Amino acid sequence: MTASPTALMALTARPGLARALGAVRSAEIGLLRAVALDLVALGPASAADAPADAAGGALQELGPEAIEVLRRVTGPTSLDLQAHSTRDGRATTFLARAGHGVVVSAHLSLIPGERPEHLRAALRIVGTHGSMLVDLLRPQLEVRTAAGATHVPFGEPGPADPSAIPPGGPSDALSGIAESARSGRRLTITW
């Protein structure tokens, strides 16, 4: 049994992401400079159950959600990226520079487990005047600026602004990341 993005609770629906996006849009931490996402989830119970393709596994199971979270923070953009995957596909990382200069990185890992479940979903957003650390699984958002660190409360997300992020699937971005991980080459993608 493998996890699927629909089996895991959507990270994009978490109130922490909505609050962080509000902070980015209102420039609480200045201009956006970097975004890093760390996702760890339970996946196939054994390496034999993992996809033989090194670009499968973590990228296939967690990639669509990761791309959507990152895309909501950066907005639609092109990315110049380099990706790497472990041989068994249980871990994939990539580092990219968005067309507007924002650095984007992600680490996706699957740990053997029976049922699909996120174990860690942390998002770090860095601006010119501070940073935010968002735990997407718990109601915790830490904002650090020159004035010091604060823990910002947040509630349920409000209605999403459909014009803020145009519709589109992550399949082209996933294909580009998988190709970079397979070939070791740097590629340009869009999301």
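A salt bridge here is a side-chain nitrogen of Lys or Arg within 4 Å of a carboxyl oxygen of Asp or Glu. Count them that way in this predicted model and you get nine salt bridges.

**Stop one: helix α2.** Select residues 57-74, then zoom in on Glu68 and Arg71. Their side chains form a salt bridge, 3.5 Å from N to O. The two sit about one helical turn apart, because they are three residues apart in α2. Buried or exposed, this Arg71? Buried: its relative accessibility is 6%, and Glu68 is buried too, at 17%. Add Arg72 to the selection and you have a salt-bridge network linking Glu68, Arg71 and Arg72.

**Stop two: the core.** Stay with α2 for a moment, as it gives eight residues to the largest nonpolar core, the most of any contributor. That core has 46 residues, and among those with the most contacts inside it are Leu37, Leu70, Met132 and Trp191. Now pick Met132 and show its neighbours: they include Ala20, Val24, Ile29, Leu123 and Val143.

**Stop three: helix α3.** Select residues 171-183. Run a distance between the end C-alpha atoms: 18 Å, which agrees with the span expected for 13 residues. Colour the buried residues, including Leu174, Gly176 and Ile177; what covers the buried set includes α2, β2, β3 and β9.

**Last stop: around Glu179.** Glu179 is partly exposed at 27%. Its side chain meets that of Arg182 in a salt bridge at 3.8 Å, and Arg185 also bridges to Glu179, at 3.2 Å. Arg185 is partly exposed, at 45%. On the way there, click Gly184, which follows α3 and has a positive phi near 75 degrees.

Technical notes. Residues numbered from 1 in each chain as written. Predicted model: local features only at pLDDT ≥ 70, side-chain atom pairs only at ≥ 80, totals over all residues. Heavy atoms only, no water. Core = buried A, V, L, I, M, F, W, Y, C linked by side-chain atoms within 4.5 Å. Buried < 20%, exposed > 50% of the residue type's maximum accessible area, 1.4 Å probe, protein only. Helix = DSSP H or I, 4+ residues; strand = E, 2+ residues; numbered from the N terminus. Contact = heavy atoms within 4.5 Å. Expected span 1.5 Å × (residues − 1). Lists of a residue's contacts leave out its neighbours within four places in sequence.
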